[in-house]
Amino acid sequence: MSETIALSQARPFRPLALGKIAAGLFVALILFFLILPTLIVIPISFGSAPYIEFPPSGLTLHWYVEYFSDPDWIAATLFSLRIAFFTTISATIIGTLAAVALVRGGLPGKSFILGLALSPLIVPHIIIAIALYLFFAPLGLTGNFFGFLLAHTMLTVPYVVVAVSASLQRFDPILEMAALSCGAGRGRTFFEIVLPQITPGVITGAVFAFISSFDEATVAFFISGIGGKTITKKLFEDIDFNLTPVIAVVSTIIVAITILLMGTIRLSENRANS
Amino acid sequence: MTSLEIGRANPTTATRFTRLFLVTGASGRYPPILAAMLILPLLLLLFFSFLYPVGRMLVGSLFDPGFTVDNYVRIFIEPLYLKVLLRTLWIAFATTVGAFVLGYPVAYAMARAGGKITLWIAVCVLVPLWTSVLVRSYAWIILLQRRGVLNDILIGTGVLNHPLKLIYTEGAVLLAMTHVLMPIMILPIYSSLRTIPKELPQAAANLGAGVFTTFLKVTLPLSLPGVFAGTLMTFILALGFYVTPALVGGPQTLMMATLIGQQTMVLLNWPFAGALAMLLLTVTLVLTFMFRRFLASSGGFGNV
């Protein structure tokens with residue numbers, strides 16, 4: 001063994017180094033496979049040909065103009081943004097309260113409740129989608145803002161519960177007890193001591209809730225209506241029937257929003273760490 | 001209203017109120033009634049948008065209109081449905097294997113590289129994860145269709161002289177699903193690799209173990225909780241996948257989710273769709289409960 005080590009150290013270019021380079025290349029290739037399909041929509045959205053062309057032979061903003069001047073796309077985008085905005089608010093409030101109760105409260109059946117709260121992540125979305133469609137249709141809640149709010153809040157609340165719970169577990173309850181024993185009420189302690197400490201978790205949960213509501217496709221596909229249609233439902237229909245570069249524009253916008261919001265999380269985490 | 005105001009108004013009520021809502025025990029825990037009030041909105045939400053609708057659909061599968069198990073019998077006597085179930089299991093399995101084989105090296109590099117490289121790998125993993133499955137499936141259509149990017153490149157470089165049929169095949173579904181689910185596999189493996197103390201592989205190397213021996217005998221076994229969590233999450237999600245198979249798959253690659261969707265929206269056979277949903281849910285939940293320990297260790301998506 002010692003001989004091998006001596007030998008390999010003597011040579012400037014060890015087989016191990018070659019192996020490392022090969023491994024690095026292999027990983028780079030997989031990363032390329034991971035990121036390329038997400039980013040390929042960007043150049044295609046600027047392509048001048050009336051069909052999908054890669055690499056584009058000419059650049060144009062024509063498809064962006066088409067998107068912004070199409071009332072159907074704009075209506076669907078605004079509908080999705082409105083749903084995502086209010087979903088974020090309700091999921092963040094409900095999820096934060098629940099996380100506080102689950103982490104700090106002496107509740108019976110805590111792990112059962114936590115499992116229940118996380119189950120929308122496990123139960124196939126097609127089952128939730130069909131069940132909600134069958135439930136909403138007779139109540140007139142398909143294509144309805146309130147129906148979407150209910151569905152998307154339920155689907156996104158697990159992210160908030162998980163993110164806020166993680167923050168709470170890192171936060172020492174003694175600080176809370178100190179505030180309480182100094183005479184601050186439960187509410188004041190929560191808003192002045194607990195909330196500032198768990199803000200990064202709340203922001204992370206809120207951003208995840210927003211992104212996953214805005215991106216959510218399966219449930220939206222089934223509970224959209226003719227009037228109330230999300231951007232994902234319209235995207236789904238157009239991919240099936242009308243494959244123009246406008247779809248690449250919409251995809252690019254979705255990718256851009258995702259990257260922007262993830263940058264927000266990163267910034268808020270950096271601020272929390274510094 | 002604060003406890004002080006109540007205290008001034010009526011001391012006895014206040015004492016009771018304090019005991020139920022405000023007193024923190026020695027453990028620093030919230031009193032039960034306050035905790036119950038905080039959790040109530042979540043429970044109401046889950047009941048009205050999840051438990052009740054799903055439960056009602058499953059019960060509906062047993063009443064068509066009177067009590068019957070015909071819908072379940074039909075699944076098991078008509079070979080088509082069993083075939084779809086087996087195909088779904090196979091595609092989920094193959095996707096999971098693909099995601100593991102490609103995902104493990106990424107997770108390993110992400111845990112080992114450190115600094116800027118880890119950050120860039122994380123970007124490559126997280127941006128796809130949080131970008132709509134729809135966008136990523138659309139991208140695969142662009143890449144794989146008859147006049148798509150891949151065929152263009154292969155013809156342009158002279159490898160082929162006529163386009164291959166890539167889209168609407170099982171291969172397309174496997175490729176796109178592996179891509180879509182890979183981040184779900186990578187993240188739990190990454191978080192378990194990250195918790196392995198650096199000294200352990202070093203110690204193994206110092207004791208004379210080669211790179212591969214160290215990996216097989218030290219690193220890999222210690223990362224198994226993450227591997228199980230990632231594998232389980234990937235498999236479960238693949239079983240119920242709707243969007244990707246619906247867009248890049250063809251009639252030859254019909255999976256459970258698409259079948260359930262068709263039965264509901266096209267054939268309007270809701271009780272039968274409910275029975276199929278029940279079957280899919282049972283498979284998913286049985287797997288989840290069997291391997292619950294591993295899921296808990298990864299916190300589901302919690303490490304994202």
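A salt bridge, as I use the term here, is a side-chain nitrogen of Lys or Arg within 4 Å of a carboxyl oxygen of Asp or Glu. Keep that in mind for the interface. One caution before we start: this is a predicted model.

So, how many salt bridges are there between chain B and chain A? Zero. Polar contacts do turn up across the interface of chain B and chain A: five residue pairs, both partners at pLDDT 80 or more.

Next, the extent of that interface. On the chain B side, 88 residues are in contact, and they meet 80 residues of chain A. The area buried between the two chains is about 7,700 Å². Carbon and sulfur atoms give 82% of that area. Which three residues of chain B supply more than any other three? B:Y30, B:W130 and B:Y138. Together they account for 11% of the area that chain B buries against chain A.

What about secondary structure? Look at helix α3 of chain B, residues 32–60. This helix brings 20 residues to the side of chain B that touches chain A, the largest share.

Now the rings. A pair of aromatic rings is described by the distance of the centres and the angle of the planes. Over all chains, the count is 26 aromatic pairs.

Take A:F79 and A:F148. Their ring centres are 5.6 Å apart and the planes stand at 90°, so the pair is edge-to-face, given that angles over 60 degrees count that way. A:F79 lies in helix α5 of chain A, residues 71–104. A:F148 lies in helix α8 of chain A, residues 145–170. The pair therefore ties together parts that are 69 residues apart in sequence. Buried or exposed? Both A:F79 and A:F148 are buried.

Set beside that A:F85 and A:F86. This pair is edge-to-face too, with 5.1 Å centre to centre and 85° between the planes. Here the rings belong to partly exposed residues. A:F85 has a relative accessible area of 45%. For A:F86 the value is 38%.

One aromatic cluster has members from both chains. Chain A gives A:F135 and A:F136. Chain B gives B:F47, B:F48 and B:Y52.

Last, charges over rings. A:R82 lies over the face of A:F145, at 4.7 Å from the ring centre. Which ring does the charged end of A:K234 sit over? That of A:W73, 4.7 Å from its centre.

To recap the interface: zero salt bridges, five residue pairs in polar contact, and 82% of the buried area from carbon and sulfur atoms.

Key
Residues are numbered from 1 along each chain as its sequence is written. Chains are lettered from A and ligands numbered from 1 in the order in which they are written. This is a predicted model: local features need pLDDT of at least 70, side-chain atom pairs count only at pLDDT 80 or more; totals for chains, interfaces and linings use all residues. Side-chain values use heavy atoms; hydrogens and water are left out. Rings of Phe, Tyr and Trp (its six-membered ring) pair if their centres lie within 6.5 Å; planes under 30 degrees apart count as stacked, over 60 as edge-to-face and the rest as tilted. Helices (H or I, at least four residues) and strands (E, at least two) are DSSP runs, numbered from the N terminus. Buried means under 20% relative accessible area, exposed over 50%, partly exposed in between (1.4 Å probe, protein chains only). A charge sits over a ring if NZ of Lys or CZ of Arg is within 6 Å of the ring centre and within 35 degrees of the ring normal. Contact means heavy atoms within 4.5 Å. Buried area is the accessible area (1.4 Å probe) that two parts lose on being put together, summed over both. A polar contact is a pair of N or O atoms within 3.5 Å; within protein, one must be able to donate a hydrogen and the other to accept it, and residues adjacent in sequence count only if both atoms are side-chain atoms.
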